[in-house]
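User: Could you take a close look at the enclosed space inside this protein and walk me through what surrounds it? I'd like one connected story rather than a list.

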Amino acid sequence: MYLLERVKSDAHPICIQPFTILNLESKEERGGTSLSNTIEAHLAVFLFESLRKLTRGLSARTRVAVITPYSQQAALLKQSFHDALGEDYEKMVEINTVDAFQGREANIVIFSAVRAGGVGGGIGFLSDIRRMNVALTRAKHFLFVIARCDSITVNPYWQDLVKHARETKAVVKVPLRNGNRAKPAFGELEEWQLDTAAPSVQS
């Protein structure tokens with residue numbers, strides 16, 4: 001529990017909670033039969049490095065996992081963490097698909113939802129309640145869900161989750177300083193604000 005107390009005392013209080021949805025404007029990308037989301041991958045790395053800084057390296061010495069429903073996103077996440085942290089990144093963070101991580105836990109879990117389609121788009125694997133349950137129950141201390149709320153809330157289960165998160169002040173709007181997918185900028189955690197706007201749910 002020391003990690004939990006350390007982060008809550010040192011970080012911006014609205015940004016770091018045991019359960020937080022990071023609402024990010026992004027776009028999904030299709031490659032063959034799978035999907036990825038480059039901006040979400042960059043945010044996962046940014047969040048990991050920010051937590052490591054806030055905890056003075058403690059978070060990197062605990063069990064951290066980054067999971068996603070899509071194999072293509074898992075591959076992209078591995079490459080992104082390798083580029084940022086070097087060949088030893090696997091000693092600090094485990095990256096896998098939701099299915100492969102089933103039955104296991106980590107102290108900190110970052111979940112990359114990937115789906116960020118336009119109006120009327122579906123959410124594929126995310127609508128699978130079993131996968132949703134696995135994804136949301138793997139964290140012992142912290143769970144961060146990276147998603148585009150307007151996209152995931154087309155599903156009633158995700159809509160209920162986002163609604164509950166808003167009620168508990170656990171939805172944070174992540175600023176995207178530029179549209180460069182290769183090197184997006186998210187500002188500093190201290191600059192992030194609560195996202196109070198209700199998502200536009202498509203019928």
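Analyst:
**The cavity and its helix**

Keep in mind that this is a predicted model. Counting cavities of 30 Å³ or more turns up 1, and the space in the largest cavity comes to about 40 Å³. Going round its wall, you meet P69, V98, F111, F125, L126, D128, R131, M132, A135 and W158. Sorted by class, that lining has 8 nonpolar residues and 2 charged ones, with no polar residues.

Which helix gives the largest share of that lining? That's α5, residues 129–136, with 3 residues. So let's stay with this helix for a bit. Its buried residues are R131, M132, V134 and A135. Viewed down the axis of α5, these fall within an arc of 165°, so they line one face of the helix. The general background helps here: an α-helix has 3.6 residues a turn, so residues three or four places apart point the same way.

What sits over those buried residues? The cover includes strands β4 (64–68), β6 (106–112) and β7 (139–147), along with helices α4 (98–101) and α7 (156–167). Cavity-lining V98 and W158 belong to the stretches given for α4 and α7.

D128, another residue of the cavity lining, also turns up at the start of α5: one of its side-chain oxygens comes to within 2.9 Å of the backbone nitrogen of R130.

Note on methods. Residues are numbered from 1 along each chain as its sequence is written. This is a predicted model: local features need pLDDT of at least 70, side-chain atom pairs count only at pLDDT 80 or more; totals for chains, interfaces and linings use all residues. Side-chain values use heavy atoms; hydrogens and water are left out. On a 1 Å grid over the protein atoms alone, a cavity is a set of points where a 1.4 Å probe fits but cannot get out, and a pocket is an open set with protein on both sides within 12 Å along at least five of seven lines; lining residues have an atom within 4 Å of a point. Grid points are joined across faces, edges and corners, and a volume is the space filled by probe spheres set on the points. Helices (H or I, at least four residues) and strands (E, at least two) are DSSP runs, numbered from the N terminus. Ala, Val, Leu, Ile, Met, Phe, Trp, Tyr, Cys and Pro count as nonpolar, Asp, Glu, Lys and Arg as charged, and the others, Gly among them, as polar. Buried means under 20% relative accessible area, exposed over 50%, partly exposed in between (1.4 Å probe, protein chains only). The arc is that of the directions from the helix axis to the C-beta atoms. Contact means heavy atoms within 4.5 Å. A polar contact is a pair of N or O atoms within 3.5 Å; within protein, one must be able to donate a hydrogen and the other to accept it, and residues adjacent in sequence count only if both atoms are side-chain atoms.
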